[in-house]
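Dear colleague,

Here is the structure I promised to hand over, and I would be grateful if you kept it open while you read. My notes on what was found follow directly below it.

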Amino acid sequence: MSLRLGDELDDYCIKCKRLANHVIVSLVDGAAAKVRCSSCYADHNYLHEVVPPTKKELKLAADALAAGTPPVEP
């Protein structure tokens, strides 16, 4: 299945903070690059339905890496 501009797909919205329908607004080599949320109309990079880590999770991982111990799951 080839993607086209205007096609809908699910993605995590960084503004709504939830999975929502998105419309493709930019393609690179046939893959979605930028999408627009159908709920809040925010444009962002296509995240492949992956929830990005929170700032707290990033800080815990950075602290564990600096200490030389494996990160602890919250």
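Leu27 has Ala32 in β3 as its bridge partner, and this is one place to begin with the pairing of strand β2 (residues 18-28) and strand β3 (residues 31-37), which are antiparallel and joined over 6 bridges. Please keep in mind as you read that this is a predicted model. In the hairpin that β2 and β3 make, 2 residues lie between the strands, and Asp29 takes a positive phi near 55° there.

Moving on from β3, you will come to strand β4 (residues 43-45), which runs antiparallel to β3 and is joined to β3 by 3 bridges. In this pairing Arg36 stands opposite Asp43 in β4. β3 and β4 also form a hairpin, with 5 residues between the two strands.

Which residue in the turn of that second hairpin has a positive phi? The residue is Tyr41, which sits in the loop between β3 and β4 and whose phi is near 65°, a positive value in a residue other than glycine. Most residues other than glycine have a negative phi, which is the reason for pointing such values out. Tyr41 has a relative accessible area of 61%, and is therefore exposed, since the cut-off for that word is over 50%.

His48 is also worth finding, in the loop between β4 and α1 (55-67). His48 is not a glycine, and yet its phi is positive, at about 55°. With a relative accessibility of 55%, His48 counts as exposed.

Is Cys13, by the same kind of reckoning, buried or exposed? Cys13 is found in strand β1 (residues 8-13), and its relative accessibility is 0%, so that Cys13 counts as buried. If its neighbours within four places in sequence are left aside, Cys13 is in contact with Arg18, His22, Cys37, Cys40 and His44. You may also like to locate Val35, which is 22 residues from Cys13 in sequence, while the C-alpha atoms of Cys13 and Val35 are 9.3 Å apart in space.

With these details in place, we can turn to the chain as a whole. The chain holds 1 helix and 4 strands, and if you read along the sequence they follow the pattern β-β-β-β-α. The radius of gyration is 16 Å, well over the 11 Å that the globule rule gives for 74 residues, so the chain is more spread out than a compact globule. Along its principal axes, the C-alpha trace spans about 45 × 25 × 15 Å.

How much of the chain counts as buried? Of its 74 residues, 19% do. The accessible surface of the chain comes to about 5600 Å², and 57% of this surface belongs to carbon and sulfur atoms. If we take the contacts between residues at least 6 apart in sequence, we find that 28% of them join residues at least 24 apart.

Finally, a word on charge: the chain has 9 positive and 10 negative side chains, and the centres of these two sets lie 9 Å apart.

With best wishes,
Your colleague

Technical notes
Residues are numbered from 1 along each chain as its sequence is written. This is a predicted model: local features need pLDDT of at least 70, side-chain atom pairs count only at pLDDT 80 or more; totals for chains, interfaces and linings use all residues. Side-chain values use heavy atoms; hydrogens and water are left out. The radius of gyration is taken over C-alpha atoms; the globule rule is 2.2 Å times the number of residues to the power 0.38. Buried means under 20% relative accessible area, exposed over 50%, partly exposed in between (1.4 Å probe, protein chains only). Contact means heavy atoms within 4.5 Å. Accessible areas come from the Shrake-Rupley method with a 1.4 Å probe; for residues, only the protein chains shown count as cover. Lys and Arg count as positive and Asp and Glu as negative; His and the chain ends are not counted. The place of a charge is taken as NZ of Lys, CZ of Arg, CG of Asp or CD of Glu. Two strands pair if DSSP finds at least two bridges between them.
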